[in-house]
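Biologist: I have a model open and a handful of labels I'd like justified. Can we go through them one at a time?

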Amino acid sequence: MASSSLPFSDFYEACRDNNIDLVKSFIETMTSDEIKRLFYRQYSSNRFVGNLNDTLEWIRIGYYKYIEKIQWYFDETNKTNHPKYILQFSTISISNVRYIAEDFATETEFPREQEVHLISYSAFEVIHIQEIQSHSGNLTQIELCQCKSNFQAYAALAAGGGGCGCGYHSSITCPEDVIKSQFSNGYHHHRLQYKIKSKFCRYEITQKELDIAAEFGQFSHRPSDLFLKIFYNVICTLEYNPLVGCVSPSLIGSSGIIPLTIISTIPDIMHHYYHVIINAQKEILFTTMYWEKSESSNVICQAFYELNKRAGNENRHIIIKLMIDHPKFSNIIQYHSILPSNKWSYYDLPDPKQIPNLSLEVHNYHHFIMGTFHTKFLIIDRKLVLLNSNNIQDRPNLEMMIQYQENLTFEFTPFIFHHSHQPFPIALVSRLAHGTPAHNSKHNPQNMAWISAFKYAQRSIFIQTPTLNASPAIKGIIDACKRGIKVILWVGWGFNDLKEGRGTLQGGTNEQVIKKLYKILKKTKNRKEQNLEVFWYVAKDQTRPIHFLEKKRNCHIKFMSIDDQIAILGNANMDSLSWFHSQEINTMIDSPEIVQEWINTLYKNQSTTIYGKLNTDGIWCDRNE
């Protein structure tokens, strides 16, 4: 039976309509028994969730005012010996803000014995209430905000058919403490309990350490040794902060396939975005640094309108979470805020009344001063991911988009359809935002992956990046060339010079850095500058590079390959901002077939190698003259 046919209570209707004031008034007047009955199956006509056959009820912690009597329900339920429900938690991180997603699920979906944390709901305030779709039917989602002055956490042992005991953890004062306790020595089952004691980026990785790295990730098969060497140094960063990689540690290494890559201009990528969005069934998670009024934003909005139409015809409701970086003075105090719908017109986003079948929520995030939210991805129904280099804006850029997913289900834009392949190892190598204007935010998966790649390359390194000036990247290039590694750099002529040049404390322009690299290498023994080849980006339809200031042809791709075996790509540039400040999302893959297809396409889609080469003084000469 569909939940929409059930006789809902007034309380449920208030929750569904997001009428927080009315919900609060109900809570204040209801007795404990009345609240308790809202959750019981036998009172299905008055259920809070409103579905006879559900197996999943969940609450996500976000921001607002606590409902003390709902807290009582959870506390009382957790004290009983009822074996049916247990509590599981997972985490995501946005800078200093910690969110905890807690799932109530049937005992059969988990191991027969599992340690969990129960958090008292008197520690939170209600922010937002909305109806959502799940495999169980319509559910109601409540978003809450932590009140640090009134926080308690409990550890519980839930065994199949057994009892549940609770004990107070006096050391836990905030969600971050819960994370720390999860990765303490008392949790021997967790993967982080491997004794990773090495210093960052040891040159020689032992066989035992390679085995640890292989076991740490959830890989379909054992990755190559080159991948494992880099991955070992990546997971070493988690010893200092388990969430430094922007994802739960157990998910940082996995496997998947890449059916499609687009290396083209922004309109082609937006066309693919459109088709992917309109086929969403339940949920869209969308991030971009810049969201500007543009043809690109218009394409996305048209996709929202079409998706709303389809959802209405099929009696569905879809959640959309959009996060952008639009710095405001308020970000000095609060890095993360929700953009009210009366401000959406500034971005040409549809009014909520125009998309009644979509629950759109727009978030603004910026870690003052320099911690930009530089991530750019789209996740559809948690099954398909688009990771790309471009923002939602109109620019004359060559960009790169990669589609990750579980299986081949979409066939839209005919660009680079990769040959059918088995899942291969993939690691998330990302970093959190760091706002302080100093270059000391170094120890994170992204940086360790890059540094390790420079160290462990045996034959070749290929990099395409708009900007290059981060000191660890410069050192990595020089050291690799000294070891006899062939290093090829494709960079943009004049890209963001005003933001990267002298006086900005960012490390210099591309032109300054390239000349510096050649000058240093010429002073080495046996003149190692021959191991470095540098090219200005040249568009496919051009015979010479065009300076960034002309705004005609630019390249915004961020790509690195090592020995034609490993590739690291995503949102981050090889500049100081991406190395030390911005929040970035990148992946590292272990597939020589995919890497070679990418490299071949990069060569085909550009005239860079034909017309863009610089001499060993770091100067471009027109070969046509």
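Modeller: Sure, here is how each label follows from its cut-off, and bear in mind that this is a predicted model.

Biologist: Let's start with charges. What makes Asp211 and Arg222 a salt bridge?

Modeller: The closest N and O atoms of Asp211 and Arg222 are 2.9 Å apart. The rule asks for a Lys or Arg side-chain nitrogen within 4 Å of an Asp or Glu carboxyl oxygen, so the pair qualifies. As for where they sit, Asp211 is in helix H6 (residues 207–216) and Arg222 is in the loop between H6 and helix H7 (225–236), so the bridge ties together parts 11 residues apart in sequence.

Biologist: Why is Asp211 called partly exposed?

Modeller: Its relative accessible area is 33%. Buried means under 20% and exposed means over 50%, so Asp211 falls in between. Arg222, with 41%, is partly exposed because it falls in between too.

Biologist: How do you know that Glu283 and Arg382 pair up?

Modeller: Their closest N and O atoms are 2.6 Å apart, and the limit is 4 Å. Glu283 lies in strand S10 (residues 283–287), while Arg382 is in the loop between strand S14 (377–380) and strand S15 (384–388), so this bridge ties together parts 99 residues apart in sequence.

Biologist: Which of those two partners is buried and which is exposed?

Modeller: Glu283 has a relative accessible area of 17%, and under 20% means buried. Arg382 has 59%, and over 50% means exposed.

Biologist: What about Glu314 and Arg316, what makes them a salt bridge?

Modeller: Again the N to O distance, 2.6 Å here, set against the 4 Å limit. Glu314 is partly exposed at 45%, whereas Arg316 counts as buried because its 13% is under the 20% mark.

Biologist: How many salt bridges are there in the structure?

Modeller: There are 13. Some link up: Lys486, Glu533 and Lys613 are joined in a network.

Biologist: On to the rings. Why is the pair Phe216 and Phe231 called edge-to-face?

Modeller: Two checks. The centres are 6.1 Å apart, and rings pair within 6.5 Å. The planes make an angle of 65°, and anything over 60 degrees counts as edge-to-face. The pair links distant parts of the chain, with Phe216 in helix H6 and Phe231 in helix H7, 15 residues apart.

Biologist: How do you know that both of these rings are buried?

Modeller: Phe216 comes out at 1% and Phe231 at 0%. The cut-off is under 20%, so both count as buried.

Biologist: What makes Tyr365 and Phe373 edge-to-face?

Modeller: Their centres are 5.6 Å apart with 75° between the planes, which passes the 6.5 Å and 60 degree tests. Tyr365 and Phe373 are both buried. The count of aromatic pairs comes to 16, and ring pairs also link Phe462, Trp490, Phe535, Phe559, Trp598 and Tyr603 into a cluster.

Biologist: Last one. Why is Ile333 called exposed?

Modeller: Its relative accessible area is 77%, and exposed means over 50%. Ile333 lies in the loop between strand S11 (318–324) and strand S12 (336–339). Together with Phe329 and Ile332, Ile333 makes a nonpolar surface patch of about 420 Å².

Conventions:
Residues are numbered from 1 along each chain as its sequence is written. This is a predicted model: local features need pLDDT of at least 70, side-chain atom pairs count only at pLDDT 80 or more; totals for chains, interfaces and linings use all residues. Side-chain values use heavy atoms; hydrogens and water are left out. Patches are made of residues with over 30% relative accessible area and no salt bridge: like charges are joined within 9 Å, nonpolar side chains (Val, Leu, Ile, Met, Phe, Trp, Tyr) within 5 Å. Accessible areas come from the Shrake-Rupley method with a 1.4 Å probe; for residues, only the protein chains shown count as cover. Helices (H or I, at least four residues) and strands (E, at least two) are DSSP runs, numbered from the N terminus. Buried means under 20% relative accessible area, exposed over 50%, partly exposed in between (1.4 Å probe, protein chains only). Rings of Phe, Tyr and Trp (its six-membered ring) pair if their centres lie within 6.5 Å; planes under 30 degrees apart count as stacked, over 60 as edge-to-face and the rest as tilted.
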